[in-house]
Amino acid sequence: MGIIVNEKCRTITLHTKNTSYQMKIGNLDYLFHLYYGPTIYDADMSYQIKQYDRGFSGNPYESRNARTFSLDAQPQEFTTQQQGDFRTTSIEVINSDGSYSFNGKAVDYRVTKGKYRLDTMPTVFASKEDHVESLEVTLADAVSGVQVILMYAVFEEADIITRAVKVKNAGEERIHLNKLMSVCVDFLNGSGMDLISLPGRYGQERQVERQPMTHHIHTIGSVRGSSSHQQNPFAILCDREATEDYGKCYGFSLMYSGNFLAEAELDQYDQLRFVMGINPKQFVYEVGPGEVFEGPEVVMAFTTKGLTGLSHLYHDFYRSNLCQSKFVREVQRPVLINSWEAAFMDFDDVKLVNIAKAARNMGVDLLVMDDGWFGKRDDDNSSLGDWFVNEDKIKCGLHNLVEQINDLGMKFGIWFEPEMVSEDSRLYRTHPEWTMQIPGRHAVRSRNQMALDMSRREVQDYLIERVNAILDDANIYYMKWDINRSLADIWSNAQPADRQGEVYHRYVLGLYRVMDGIIKTHPDILFEGCSGGGGRYDPAMLSYYPQYWVSDNNHPIDRLKLHYGTSFVYPVSTMGAHISDSGRFIPLRTKAVVAMGGTFGYELDATHLSEEEQAICREQSDLFRKYYHIIFEGDYYRLSNPFTVGNMTAWQHVLKDKSESLLSVVVTNLTCNGPQEYVKAKGLDPMAMYTINDEEELYSGSALMNAGIPIEREVPEYTAFQFHIKKSEQNTEGV
Ligand code: DGJ
């Protein structure tokens with residue numbers, strides 16, 4: 001059905017397979033938001049809106065003596081500014097006359113086939129099979145000449161609607177934007193809603209918090225220059241009763257890697273306004289006459305099928321419409337071993353080859369040379385920016401090292417941290433002006449490194465040239481792109497004093513240009529993102545990298561929470577997960593089961609493992625390959641919540657046709673002489689019969705889902721179980 005315009009009622013309704021989203025050009029040509037939820041066909045939903053004389057809520061001048069129409073009480077698609085709506089706004093603009101005002105009226109709309117694009121930032125894309133329509137609605141302020149162009153794309157089958165926004169200065173003088181939110185959704189009653197977010201910290205990213213809406217502005221955001229470890233640009237608004245399996249859930253996922261803000265405001269009348277976009281902190285963007293400013297895209301989903309249903313919508317969509325890399329679908333990801341926790345920066349070519357030789361016995365496909373191979377880098381105090389091979393360490397040269405690894409039948413990967421510079425580096429000595437540093441002040445230290453001014457063209461070009469030179473010098477199959485500090489000292493030598501409020505955003509735009517110049521020009525390389533673990537784990541980054549390092553915390557029990565939280569929006573196929581020495585008393589097999597909740601690999605000195613341990617690893621690498629299609633393509637179910645006290649954590653992947661499933665359980669807290677525990681499967685065909693781990697006994701899907709699988713109690717602490725559930729030819733009728 002796509003986008004339906006009803007000229008008579010002046011409604012525009014966006015339809016996906018199971019949802020509808022309606023706006024209306026209403027009273028005085030304001031654009032009202034009328035509905036987002038289950039399909040409503042084409043009913044004009046404006047019957048819901050009642051108007052009263054609301055004290056202290058102003059009325060537009062054109063309403064004359066009618067006191068019942070106030071923008072303060074109307075649901076809007078994009079807010080006005082200083083027009084009597086005192087809730088949080090979509091926009092804050094300073095007009096050329098110094099006034100803070102925007103009175104946007106709908107002046108135009110158009111529907112087109114296919115997906116709109118942004119010129120400066122990544123967006124999701126439509127594939128050939130997708131039915132996608134786009135809508136543009138223009139709101140114009142007749143006095144200032146400021147125009148806001150609202151963009152929508154409707155992905156029918158995926159049940160996804162995306163939004164983005166542009167501001168065009170159609171006036172004669174420059175204006176300044178202080179705030180521009182990409183999305184605004186006004187709910188007529190939000191008092192029964194909860195807000196779910198993914199806060200965290202270094203080593204503990206994307207933990208899950210749920211809070212009831214109260215009469216405040218609840219904010220989620222980052223001012224660290226990146227989307228950050230501390231918050232993720234993702235929010236869920238759901239019914240208070242919503243569970244994993246049931247209830248209305250709305251998701252908002254922002255395609256932006258810099259400072260972001262989401263605000264959820266429950267107002268005086270229990271209406272709920274949700275806005276999300278670039279964080280207004282230290283954001284003042286000049287838009288000259290005729291110029292256009294773009295805000296990032298927001299990916300919205302709605303379901304009545306609870307939190308699992310919402311995750312499935314995002315997982316499916318992000319697996320097919322986010323990243324164009326061939327490693328998303330066509331080419332299976334390698335099992336890798338990373339040198340970081342094996343050697344940190346204490347390695348040379350011989351050590352790396354020895355690790356690779358041992359890893360080959362463990363079924364590993366790829367060796368990654370992490371931090372420490374360039375400049376004079378023996379610790380983290382120097383050399384960032386000097387992307388030249390350190391031949392004191394890699395004595396045989398990079399080319400030869402890669403050949404030696406390839407001769408073992410393995411592939412080679414390399415680590416970079418392109419955006420950063422050490423004070424002790426050739427690059428800094430030559431170009432101190434390329435660094436973010438406020439004149440006359442010392443820069444804030446963080447891991448003893450500074451950020452490059454990514455907004456500068458010369459910096460971007462230097463990085464594209466340098467990184468590409470290394471990538472093209474040898475047979476490199478994989479690159480890990482890291483960033484290890486939050487930004488401070490926001491200042492660009494390339495911008496005049498009155499445009500320093502643009503630098504945070506210009507950094508992000510510069511970063512995307514560098515990523516385009518490196519990643520898009522190397523379609524055969526597998527890229528993994530990283531920011532001291534899983535900072536900056538956002539959909540814009542995932543449009544470049546098919547996988548992202550979840551956390552520097554490799555402890556398998558902590559990982560249960562990390563994978564659980566990350567899975568609310570990001571598919572398992574994006575989650576970098578390794579077996580390491582962390583968790584000394586936890587069995588290797590358990591570590592492997594946890595790492596199979598992600599892209600699976602190793603991060604330890606393989607030469608230190610016994611033959612028996614290497615054999616266990618080989619067996620686990622083979623199991624990962626055996627289950628790869630289920631893990632990467634299946635529907636993911638969180639079967640338990642590791643944040644609540646329980647005796648085990650369980651999760652499950654189920655192929656779309658329900659023919660195969662992998663159910664994993666880690667026993668975390670066995671009580672002495674305790675009750676028998678059962679894990680109930682999800683997503684199976686109730687009428688089908690299944691085997692478990694290729695054994696003869698048959699179980700109906702219904703039994704596995706309703707009665708569950710008994711979990712052996714008499715096992716050592718932290719034992720893990722993996723149940724490979726496979727449909728048999730028989731169905732329940734034959735039993
Ligand atoms: C932080 C990353 O998360 C680690 O995996 C490692 O690459 C180090 N940086 C290297 O400095």
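Reader: How many bridges join strand S13 to S16, and in which sense do they run?

Author: In this predicted model, six bridges join strand S13, residues 217-222, to S16, and the two run antiparallel. One of the pairs is His 218 with Ala 264 of S16.

Reader: What makes S13 and S16 paired strands?

Author: Two strands pair if there are at least two bridges between them. S13 and S16 have six, so the condition is met.

Reader: Which other strand pairs with S16, and over how many bridges?

Author: Strand S17, residues 272-278, pairs with S16 in the antiparallel sense over seven bridges. Phe 260 stands opposite Ile 278 in S17. The hairpin of S16 and S17 has five residues between the strands, and Asp 270 in this hairpin has a positive phi near 70°.

Reader: Why is S16 called largely enclosed?

Author: A residue counts as buried under 20% relative accessible area. Seven of the seven residues of S16, residues 260-266, are buried, so the strand is largely enclosed by the rest of the structure. Phe 260, Ala 262, Ala 264 and Leu 266 point one way, while Leu 261, Glu 263 and Glu 265 point the other way, and all are buried.

Reader: Why is Arg 64 called exposed?

Author: Exposed means over 50% relative accessible area. Arg 64 has 60%, so Arg 64 counts as exposed. Its place is in the loop between strand S4 (31-38) and strand S5 (91-94).

Reader: What is notable about phi of Arg 64?

Author: Most residues other than glycine have a negative phi. Phi of Arg 64 is near 55°, a positive value in a residue other than glycine.

Reader: Which class of exposure does Asn 693 have?

Author: Partly exposed lies between the buried limit of 20% and the exposed limit of 50%. Asn 693 has a relative accessible area of 32%, so the residue is partly exposed. Asn 693 also has a positive phi, about 50°, although it is not a glycine. Asn 693 lies in the loop between strand S36 (688-692) and strand S37 (699-700).

Reader: What is the order of the strands in the open sheet of four strands?

Author: The order is S1-S2-S3-S4, with antiparallel pairing.

Reader: Why are S1 and S4 said to stand at the edges?

Author: Strand S1 (2-6) and S4 each have a single partner strand, so one side of each is left without a neighbour in the sheet. Neighbouring strands of this sheet are turned by 15° against each other on average, direction ignored. For S4, strand S3 (residues 19-25) pairs with it in the antiparallel sense over seven bridges. Ser 20 has Gly 37 in S4 as its bridge partner.

Reader: How many residues surround the ligand, and which are the closest?

Author: There are 13, and the closest are Asp 370, Asp 371, Lys 480, Asp 482 and Asp 552. By class, the shell has four nonpolar, three polar and six charged residues.

Reader: What makes the approach of Asp 552 to the ligand a polar contact?

Author: A polar contact needs a pair of N or O atoms within 3.5 Å. A polar side-chain atom of Asp 552 lies 2.3 Å from an oxygen atom of the ligand, so the pair qualifies. For Asp 371, a side-chain N or O atom is 2.6 Å from a ligand oxygen. For Asn 484, a side-chain N or O atom is 3.5 Å from a ligand nitrogen. The protein covers 98% of the 290 Å² of accessible area that the ligand has on its own.

How values were computed
Residues are numbered from 1 along each chain as its sequence is written. This is a predicted model: local features need pLDDT of at least 70, side-chain atom pairs count only at pLDDT 80 or more; totals for chains, interfaces and linings use all residues. Side-chain values use heavy atoms; hydrogens and water are left out. A residue is near a molecule or strand if one of its heavy atoms lies within 4 Å of it. A polar contact is a pair of N or O atoms within 3.5 Å; within protein, one must be able to donate a hydrogen and the other to accept it, and residues adjacent in sequence count only if both atoms are side-chain atoms. Accessible areas come from the Shrake-Rupley method with a 1.4 Å probe; for residues, only the protein chains shown count as cover. Ala, Val, Leu, Ile, Met, Phe, Trp, Tyr, Cys and Pro count as nonpolar, Asp, Glu, Lys and Arg as charged, and the others, Gly among them, as polar. Buried means under 20% relative accessible area, exposed over 50%, partly exposed in between (1.4 Å probe, protein chains only). Axes are lines fitted to C-alpha atoms, for helices over the stretch in contact, and angles run from 0 to 180 degrees between N-to-C directions.
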